[in-house]
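The following exercises are to be worked with the sequence and the coordinates at hand. Each task is followed by a solution in steps.

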Amino acid sequence: MKIRKSFLCLILAALMLGGCKKEEVQENGYQIYYTDEEGKRIQSESYIPEKEDPEYLLEQMMKKWAEDVEDKKMISAKPKEVELLSYEIEKRSLVVDFSSAYNELSNTEEIMLRTSLSKTMLQIPEIKSVQIMIEGEKLTDKMGKVIPSMTDKSFVNVDDIGVDG
């Protein structure tokens, strides 16, 4: 039953949360994706980088994604107890390694983190997918099956809908 619920939550996220298209990067810059204060809706804030260098852009966008927004009603989808250990681009895939505290996230928290991270980072032209690792190991579901990298096809765009968990 718990596996069915987890699977249903992941399917629900794919149907409910927005798409990630590189064409959507507009004149007003990139979007950094967060959650609302309750952690149930994805929201964004514009970010205009000082330069378009891929390494600089990745570093700045990752920093902004991991921090709460000042004076706004948005928070990082990455809980403070989940440590960001490392990140690097390997063959156009962003590999992000989190601490084992990631395994303690609720289904909703995990969906929000994965969605906000992917939607933010997939705007960078050099990144075609996002792979999450936990302490150096690929992310797996409750059955031990490796969860594939997320791409711009992993989500559909449905505005103003959140996840109630």
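**Exercise 1. A salt bridge**

With which lysine does aspartate 68 form a salt bridge, and how far apart are the closest N and O atoms?

Solution.
Step 1. The model is a predicted one, and side-chain atom pairs are counted only at pLDDT 80 or more.
Step 2. Aspartate 68 forms the salt bridge with lysine 80; the closest N and O atoms are 3.4 Å apart. This separation meets the criterion because the cut-off for such a pair is 4 Å.
Step 3. The pair links distant parts of the chain, with the two positions twelve residues apart in numbering. Aspartate 68 belongs to the loop between helix 2 (54-66) and strand 3 (74-75), whereas lysine 80 belongs to the loop between strand 3 and strand 4 (84-90).
Step 4. Aspartate 68 has a relative accessible area of 37%, so it is classed as partly exposed. Lysine 80, at 65%, is classed as exposed.
Step 5. The count for the model comes to one salt bridge.

**Exercise 2. The overall fold pattern**

State how many helices and strands the protein has, and give their order along the sequence.

Solution.
Step 1. The secondary structure amounts to three helices and seven strands.
Step 2. Read along the sequence, these elements follow the pattern α-β-β-α-β-β-β-α-β-β.
Step 3. Of the 165 residues in the protein, 43% are buried.

**Exercise 3. Helix 3 and serine 118**

Compare the span of helix 3 with the expected value, and determine whether serine 118 is buried or exposed.

Solution.
Step 1. Helix 3 covers residues 107-121, which is 15 residues. From its first C-alpha to its last it reaches 21 Å, close to the 21 Å expected at 1.5 Å a residue.
Step 2. In helix 3, 13 of the 15 residues are buried, so the helix is largely enclosed by the rest of the structure.
Step 3. Serine 118 is located in helix 3. Its relative accessibility is 0%, and serine 118 therefore counts as buried.
Step 4. A polar atom of the serine 118 side chain lies 2.9 Å from the backbone oxygen of arginine 114.

**Exercise 4. The largest cavity**

Which residues line the largest cavity, and which strand gives the most to the lining?

Solution.
Step 1. One cavity of 30 Å³ or more is counted. The largest cavity holds about 40 Å³ of space.
Step 2. Its lining consists of Arg114, Val130, Gln131, Ile132, Leu139, Ile147, Pro148, Ser149 and Met150.
Step 3. Strand 6 (residues 129-134) gives the most to this lining, with three residues.
Step 4. Sorted by class, the lining of the largest cavity has six nonpolar, two polar and one charged residues.
Step 5. Arg114, listed in this lining, is also the residue whose backbone oxygen was paired with the serine 118 side chain in the preceding exercise.

**Exercise 5. The loop between strand 4 and strand 5**

What sign does phi take at lysine 91 and at arginine 92?

Solution.
Step 1. Lysine 91 lies in the loop between strand 4 and strand 5 (93-98), and arginine 92 is in the loop between strand 4 and strand 5 as well.
Step 2. Phi of lysine 91 is near 50 degrees, a positive value in a residue other than glycine. Phi of arginine 92 is near 70 degrees, again a positive value in a residue other than glycine.
Step 3. With 85% relative accessibility, lysine 91 counts as exposed; arginine 92, with 41%, counts as partly exposed.
Step 4. Lysine 91 is 37 residues from lysine 128 in sequence, while their C-alpha atoms are 8.9 Å apart in space.

**Exercise 6. The loop between strand 5 and helix 3**

How far apart in space, C-alpha to C-alpha, are serine 100 and valine 82, and alanine 101 and glutamate 81?

Solution.
Step 1. Serine 100 is found in the loop between strand 5 and helix 3, and alanine 101 has its place in the loop between strand 5 and helix 3 too.
Step 2. Serine 100 and valine 82 are 7.5 Å apart in space and 18 residues apart in sequence.
Step 3. For alanine 101 and glutamate 81 the values are 6.4 Å in space and 20 residues in sequence.
Step 4. Serine 100 is partly exposed at a relative accessible area of 40%. Alanine 101, at 21%, likewise counts as partly exposed, because the cut-off for buried is under 20%.

How values were computed:
Residues numbered from 1 in each chain as written. Heavy atoms only, no water. Salt bridge = Lys/Arg side-chain N within 4 Å of Asp/Glu carboxyl O. Helix = DSSP H or I, 4+ residues; strand = E, 2+ residues; numbered from the N terminus. Buried < 20%, exposed > 50% of the residue type's maximum accessible area, 1.4 Å probe, protein only. 1 Å grid on protein atoms, 1.4 Å probe; cavity = no way out; pocket = protein on both sides within 12 Å on 5 of 7 lines; lining within 4 Å. Points joined across faces, edges and corners; volume = space filled by probe spheres on them. Nonpolar A, V, L, I, M, F, W, Y, C, P; charged D, E, K, R; others polar. Expected span 1.5 Å × (residues − 1). Polar contact = N/O pair within 3.5 Å; in protein donor to acceptor, adjacent residues only side chain to side chain.
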